[in-house]
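Work through the exercises below with the sequence and the coordinates open. Each task is followed by a stepwise solution.

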Amino acid sequence: MHRGAMLLLGLVVLDLAFALTPFWPSCARRAAPATPTSGATVTAAVQAATPNPATAGKDLATRMGCLACHSVDGTRLIGASWKGLSGSTRDLESGESVTADAAYLAESIRDPDAKVVKSYPAGLMGPSIQSHQATLAKQETIDALLAYIESLK
Ligand code: HEC
């Protein structure tokens, strides 16, 4: 489901909760007296839907198709597995070696061919994530993806 659709669903659920509040005494006691559609309420709804960044990252990676090419269990697919990737040493086609720190991972996501990992094909990832450029331009997307990748020890 799209993020927008999920947010909408969340808001509908939230609206429902507020609509039911008068008939639900225990809920009424906890509900804030004021504005059901305030920004704070929406933020709370989003946070409730995505309890931690790694979970949000997993969801994003699934929806953007990253996991079609990157496994999370060590299996080699079209790209390298994300298991154990964070903090590891990457040998590049250029002959250099780099540490897969946050800066490297973020660059590899935003500009896939800036550094090409040895024995993996250049030019495949870029076009296949082109349609997600707007999402990938957001820092929160990168942060969530990194949190997910870093959680895969
Ligand atoms: C069509 C297959 C494909 C898709 C889809 C894809 N990737 Fe990749 N990815 C690759 C390949 C191949 C490489 C290695 C070549 C390169 O660096 O360009 C790579 C490299 C990477 C690297 C560096 C990995 C390393 O081994 O050091 C990261 C991080 C990464 N991808 C993240 C992502 C994320 C996040 C997405 C989804 C938004 C994604 N990829 C979608 C194929 C893909």
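Which residue just after helix 4 takes a positive phi? Gly65 does, with a phi of about 85°. Keep in mind that this is a predicted model.

**Exercise 1. Find a second positive phi and place it.**

Task: Identify the residue that has a positive phi although it is not a glycine, and describe its surroundings.

Solution:
- Step 1. Start from the background: most residues other than glycine have a negative phi.
- Step 2. Ser119 departs from this, with a positive phi of about 75°.
- Step 3. Locate Ser119: the loop between helix 5 and helix 6 holds this residue.
- Step 4. Count neighbours. Ser119 has 9 other C-beta atoms within 10 Å. The limit for an exposed residue is 12 or fewer, so Ser119 is exposed.

**Exercise 2. Lay out the chain.**

Task: Give the order of helices and strands in the protein chain, then its buried share.

Solution:
- Step 1. Count the elements: the protein chain has eight helices and two strands.
- Step 2. Read along the sequence. The pattern is α-α-α-α-β-β-α-α-α-α.
- Step 3. Take burial next. Of the 153 residues, 14% are buried.
- Step 4. Check the contacts with a separation of 6 or more. Residues 24 or more positions apart account for 50% of them.

**Exercise 3. Analyse a helix pair.**

Task: Determine how helix 4 and helix 8 cross, and which residues meet there.

Solution:
- Step 1. Set the descriptors. Two packed helices are described by the angle between their axes and the distance between the axes.
- Step 2. Apply them. The axes of helix 4 and helix 8 come within 7 Å. They cross at roughly 100°.
- Step 3. Classify the angle. The range from 65 to 115 degrees counts as roughly perpendicular, and helix 4 and helix 8 are therefore roughly perpendicular to each other.
- Step 4. List the contact. Helix 4 brings Pro53, Ala54, Ala56, Gly57, Lys58, Leu60 and Ala61. Helix 8 answers with Thr141, Asp143, Ala144, Leu145, Ala147, Tyr148 and Ser151.
- Step 5. Sort the residues of this contact: nine are nonpolar, three polar and two charged.
- Step 6. Pick out burial in helix 4, residues 53–63. Ala56, Gly57, Lys58 and Leu60 are its buried residues. They pack against helix 8, residues 139–151.

**Exercise 4. Trace the core.**

Task: Find which residues have the most contacts inside the largest nonpolar core.

Solution:
- Step 1. Recall the trend. In soluble globular proteins, nonpolar side chains tend to be buried together.
- Step 2. Size the set: the largest nonpolar core has 13 residues.
- Step 3. Rank by contacts. Leu85, Ala144, Leu145, Leu146 and Ile149 have the most inside this core.
- Step 4. Assign the sources. Helix 4 and helix 8 each supply at least two residues of this core. Helix 8 gives the most, with six residues.
- Step 5. Follow one member outward. Leaving out residues up to four places away in sequence, Leu146 touches Ala102, Leu105 and Ala106.

**Exercise 5. Describe the ligand shell.**

Task: How many residues surround the ligand, and which are the closest?

Solution:
- Step 1. Count the shell. The ligand is surrounded by 29 residues.
- Step 2. Name the closest: Cys66, Cys69, Gly79, Ala80 and Met125.
- Step 3. Sort by class. The shell holds 21 nonpolar, six polar and two charged residues.
- Step 4. Map the shell to helices. Helix 5 (102–110) and helix 6 (125–128) each supply at least two residues. Helix 5 gives the most, with three.

**Exercise 6. Compare loop positions.**

Task: Are Leu77, Gln130 and Ala137 buried or exposed?

Solution:
- Step 1. Leu77 lies in the loop between helix 4 and strand 1. Leu77 is exposed, with 11 other C-beta atoms within 10 Å. Beyond residues up to four places away in sequence, Leu77 touches Cys69, His70 and Ser71.
- Step 2. Gln130 is in the loop between helix 6 and helix 7. Gln130 is exposed, with 9 other C-beta atoms within 10 Å. The C-alpha atoms of Gln130 and Met64 are separated by 10.0 Å.
- Step 3. Ala137 sits in the loop between helix 7 and helix 8. Ala137 is exposed, with 10 other C-beta atoms within 10 Å. Ala137 and Arg110 are 27 residues apart in sequence and 7.7 Å apart in space, C-alpha to C-alpha.

Key: Residues are numbered from 1 along each chain as its sequence is written. This is a predicted model: local features need pLDDT of at least 70, side-chain atom pairs count only at pLDDT 80 or more; totals for chains, interfaces and linings use all residues. A residue is near a molecule or strand if its C-beta atom, placed from the backbone, lies within 6 Å of it. Helices (H or I, at least four residues) and strands (E, at least two) are DSSP runs, numbered from the N terminus. Ala, Val, Leu, Ile, Met, Phe, Trp, Tyr, Cys and Pro count as nonpolar, Asp, Glu, Lys and Arg as charged, and the others, Gly among them, as polar. A residue is buried if 20 or more other C-beta atoms lie within 10 Å of its own, exposed if 12 or fewer, and partly exposed in between; C-beta atoms are placed from the backbone. Two residues are in contact if their C-beta atoms, placed from the backbone, lie within 7 Å. A nonpolar core is a set of buried Ala, Val, Leu, Ile, Met, Phe, Trp, Tyr and Cys residues joined through C-beta atoms within 7 Å. Axes are lines fitted to C-alpha atoms, for helices over the stretch in contact, and angles run from 0 to 180 degrees between N-to-C directions. Angles under 35 degrees count as roughly parallel, over 145 as roughly antiparallel, 65 to 115 as roughly perpendicular and the rest as oblique.
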